[in-house]
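Me: Please take a close look at the largest pocket of this model, and set what surrounds it in context. Which residues lie nearest its centre?

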Amino acid sequence: MRKIRASELGRWAYCQRAWGYARMGKRSANQAEMDTGSAEHQRHAAGLKASSILGVLAGLSLAAAIILLVLQVTR
């Protein structure tokens with residue numbers, strides 16, 4: 001039995017005809033635009049990943065600053 005991916009379900013929900021053509025191996029007439037969109041999604045995902053890493057670093061920096069402040073005040 002073939003696995004069904006979430007992207008395939010989305011394609012089917014958006015347009016069953018396009019989904020059927022894709023299953024037959026036919027390429028879309030606007031493949032260049034679709035490739036551009038995929039590249040944009042990949043860039044956006046990379047930005048989100050970098051943003052979450054920076055958020056964690058900011059939280060760690062804040063925690064370190066609070067600890068240093070507490071140590072300074074209690075001396």
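Reply:
**The largest pocket and its surroundings**

Ser-7 is found in helix α1 (helices are DSSP runs of H or I, at least four residues long, numbered from the N terminus). The model is predicted, so local features need pLDDT of at least 70 and side-chain atom pairs 80 or more, whereas totals for chains, interfaces and linings use all residues. Residues are numbered from 1 along each chain as its sequence is written, and side-chain values use heavy atoms, without hydrogens or water.

As for the pocket itself (an open set of points on a 1 Å grid over the protein atoms, where a 1.4 Å probe fits, with protein on both sides within 12 Å along at least five of seven lines, and lined by residues with an atom within 4 Å of a point), the largest one has a lining of 13 residues. Of these, the ones that lie nearest its centre are Arg-11, Ala-18, Ala-22, Ser-28 and Met-34. Three elements each give two or more residues to this lining, namely α1, which runs over 6-14, α2, which runs over 16-23, and α3, which runs over 31-74. Among the contributors, α2 gives the most, with three residues in the lining.

Returning to α1 and Ser-7, this residue is partly exposed, because its relative accessible area is 45% (buried means under 20%, exposed over 50%, and partly exposed in between, with a 1.4 Å probe and protein chains only). The separation of Ser-7 from Gln-72 gives a sense of the distances involved, since these two residues, 65 apart along the chain, have C-alpha atoms separated by 54 Å.

A second pair gives a distance of this kind, beginning from Ala-39, which lies in helix α3. Ala-39 and Leu-69 are 30 residues apart in sequence, and from C-alpha to C-alpha they are 45 Å apart in space. The side of Ala-39 that faces solvent can be stated too, in that its relative accessible area of 25% makes this residue partly exposed.

The charged side chains come next, and the count of salt bridges (a side-chain nitrogen of Lys or Arg within 4 Å of a carboxyl oxygen of Asp or Glu) comes to two. One of them joins the side chains of Glu-8 and Arg-2, with 2.8 Å from N to O. Its partners are placed in two accessibility classes, for Glu-8 is buried, with a relative accessible area of 9%, whereas Arg-2, with 44%, is partly exposed.

The other salt bridge is formed by the side chains of Glu-40 and Arg-43, with an N to O distance of 2.4 Å. Both residues belong to helix α3, and because they are three residues apart there, about one helical turn separates Glu-40 from Arg-43. Glu-40 is partly exposed, with a relative accessible area of 43%, while Arg-43 counts as exposed, since its relative accessibility is 51%.

Taken together, α3 is the element in which the Glu-40 and Arg-43 pair sits, and α3 is also one of the elements that give two or more residues to the lining of the largest pocket.
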